[in-house]
Number of protein chains: 2
Amino acid sequence: MLTYTEENYLKALFKISFDNDNEEVGTNELATYLAVKPATANDMLKKLKDKGLVDYEKYGKITLTKTGKKFAIDVLRKHRLWETFLFEKLDFSWDEVHEVAEQLEHIQSQKLVDKLDKFLNYPEFDPHGDTIPNKKGEMKVQFKKTLSEVAVGSSCKMVAVKDNSSSFLQYVVKVGLGINNEIKVLSKQEYDKLTDIEVNGVKSSVSQKFAENIFVVCKNCAVGKPCSEPSVCEIK
Amino acid sequence: MLTYTEENYLKALFKISFDNDNEEVGTNELATYLAVKPATANDMLKKLKDKGLVDYEKYGKITLTKTGKKFAIDVLRKHRLWETFLFEKLDFSWDEVHEVAEQLEHIQSQKLVDKLDKFLNYPEFDPHGDTIPNKKGEMKVQFKKTLSEVAVGSSCKMVAVKDNSSSFLQYVVKVGLGINNEIKVLSKQEYDKLTDIEVNGVKSSVSQKFAENIFVVCKNCAVGKPCSEPSVCEIK
DNA sequence: TAATAAAGTTAGATTAATCTAACAAATAAA
DNA sequence: TTTATTTGTTAGATTAATCTAACTTTATTA
């Protein structure tokens, strides 16, 4: 049985490597992500190595073992199922679910997870558009890109956010955006990449940083496939 | 903010005094209840006293302060709301809810409790028949007695159980009993108080110990009032 | 009421998770 | 290729919750 903290370290390792698209993670990177000091992360890595959950050599990079990854995915699954529950059943808003799910994800009961999954009708994506691993740990991959990569003149559909922080999500709502909204990219400033978009007939401007945190699929790309037709759906 | 453990100590103190119908609790009693050593309980009591949550003098008895009681009731409220959720929404069985609720009761989010309460339609009793404190900390009191106190020949309705352990609850189910069942007390052995009862037309015998852990209200007593008519509804 | 038992306390140790401060290794830059 | 910077490690300390073992107080009872 893992402690609350051990679970958080495994989840962090999984998410960092997923975001970086690189299995290898550094100690400082991990420490920063978890808002602890490198010394703390280092101690924990030794423990996780002893338990066979990470592969790690002194001064080397960290990777999750197969078992470690299994645990990480399980925590992620619980987190996202709870977020879905809070959003769909308890009427929490989009930006409020994360914080509470951070606590709920550590509840230990296989039965609870299974029954919650069933109660929610086996959802595949959470309220932020992130994929929910199924019981076997399999995840539906969505071939998405960021709004910043969509060519001027193209239309796309928002499917997820990269940044799950409450402050970013509140900003997203303020701009009038939400999951499944259609976004048309009207123009982009060459100088600072400030992008003019149109959502539900309303025009607004978003920064490069903002656009990099919005995940979309292009309107004319087949669902579940990478955007394959640059003529129809160009990538910057 | 209280730790997980502090919450458990406060809840234990509240439940012990409630069960004993006596505000004052002893260190050893508390330690036994929580399955820790008296030394451990003693350390924690000092901390809870410093925080103003219990009144306690060296070698004296322990009572909860007003603040301490408030926290205890809040944990109890969360526990029982979660039990109700697990039972009613997730289809957990009667004897499975307690263990998971022990974990869920420590999730910190006022909003979550409020929304869960609403989702469950403001329930007043949990699946074991225990009263659920409302947001203000008020609890509906049910004037119940134990099955062992019901006179031979009387009928009563089961409203709750005293022992919430999984093993007891499974036994209750096996005997064919459940909340709201009508129980007729047919006869009782003078020697060992073995009691013959009838539930849904099925006869069975239960021990004194068993009967002391089943809460009932007498059939002919007004709801919400103590059993006041010994002629109709005698108490042993 | 003195002896015994029960209840409660203290001191010292342990484990998990964290920190600071000092140090070592690896990498990047001049 | 040496120096500087970044990255990672170690040692020693702290806090929360727990333990064992020895001790003290209070309560019971013979």
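**Exercises on a predicted protein–DNA model**

**Exercise 1.** Identify the polar contacts that protein residues make with phosphate oxygens of DNA strand C in this predicted model.

*Solution.* Begin with chain A: an N or O atom in the side chain of Thr40(A) lies 2.5 Å from a phosphate oxygen of DNA strand C. Turn next to chain B, where a polar backbone atom of Thr27(B) is 3.2 Å from a phosphate oxygen of the strand. For Lys61(B), the separation between a side-chain N or O atom and a phosphate oxygen is 3.4 Å. Each pair is to be judged against the limit of 3.5 Å for a polar contact.

**Exercise 2.** Describe the protein surface near DNA strand C by its residues and by its elements.

*Solution.* Start with the residues: 22 surround the strand, and those that come nearest are Thr3(A), Thr40(A), Lys47(A), Asn42(B) and Tyr56(B). On the DNA side, 79% of the strand C atoms that come within 4 Å of the protein belong to sugar and phosphate. Sorting the residues of this surface by class gives 9 nonpolar, 7 polar and 6 charged. Finally, assign elements: H3(A) supplies the largest share, 5 residues.

**Exercise 3.** Classify the ring pair of Phe85(A) and Phe85(B), and state where its members lie.

*Solution.* Across all chains there are 13 aromatic pairs. In this one the ring centres are 5.1 Å apart and the planes meet at 55 degrees, so the pair is tilted. Phe85(A) belongs to helix H4 (residues 66-88) of chain A and Phe85(B) to helix H4 (residues 66-88) of chain B; the pair therefore joins two chains. Both Phe85(A) and Phe85(B) are buried. To widen the view, ring pairs link these two residues with Trp82(A), Phe119(A), Trp82(B) and Phe119(B) into a cluster.

**Exercise 4.** Determine the geometry of the aromatic pair Tyr171(A) and Phe210(A), and decide whether each member is buried or partly exposed.

*Solution.* The distance from centre to centre is 5.0 Å and the angle between the planes is 75 degrees, which makes the pair edge-to-face. Tyr171(A) is in helix H7 (residues 166-175) of chain A and Phe210(A) in helix H8 (residues 208-211) of chain A; they are 39 residues apart, and the pair links distant parts of the chain. For accessibility, Tyr171(A) has a relative value of 41% and is therefore partly exposed. Phe210(A), with a relative accessible area of 2%, is buried.

**Exercise 5.** Locate the charged ends of Lys144(A) and Lys144(B) relative to rings.

*Solution.* In chain A, the charged end of Lys144(A) sits over the ring of Phe215(A), 4.7 Å from its centre. In chain B, the charged end of Lys144(B) sits over the ring of Phe215(B), 4.7 Å from its centre.

Technical notes
Residues are numbered from 1 along each chain as its sequence is written. Chains are lettered from A and ligands numbered from 1 in the order in which they are written. This is a predicted model: local features need pLDDT of at least 70, side-chain atom pairs count only at pLDDT 80 or more; totals for chains, interfaces and linings use all residues. Side-chain values use heavy atoms; hydrogens and water are left out. A residue is near a molecule or strand if one of its heavy atoms lies within 4 Å of it. A polar contact is a pair of N or O atoms within 3.5 Å; within protein, one must be able to donate a hydrogen and the other to accept it, and residues adjacent in sequence count only if both atoms are side-chain atoms. Helices (H or I, at least four residues) and strands (E, at least two) are DSSP runs, numbered from the N terminus. Ala, Val, Leu, Ile, Met, Phe, Trp, Tyr, Cys and Pro count as nonpolar, Asp, Glu, Lys and Arg as charged, and the others, Gly among them, as polar. Rings of Phe, Tyr and Trp (its six-membered ring) pair if their centres lie within 6.5 Å; planes under 30 degrees apart count as stacked, over 60 as edge-to-face and the rest as tilted. Buried means under 20% relative accessible area, exposed over 50%, partly exposed in between (1.4 Å probe, protein chains only). A charge sits over a ring if NZ of Lys or CZ of Arg is within 6 Å of the ring centre and within 35 degrees of the ring normal.
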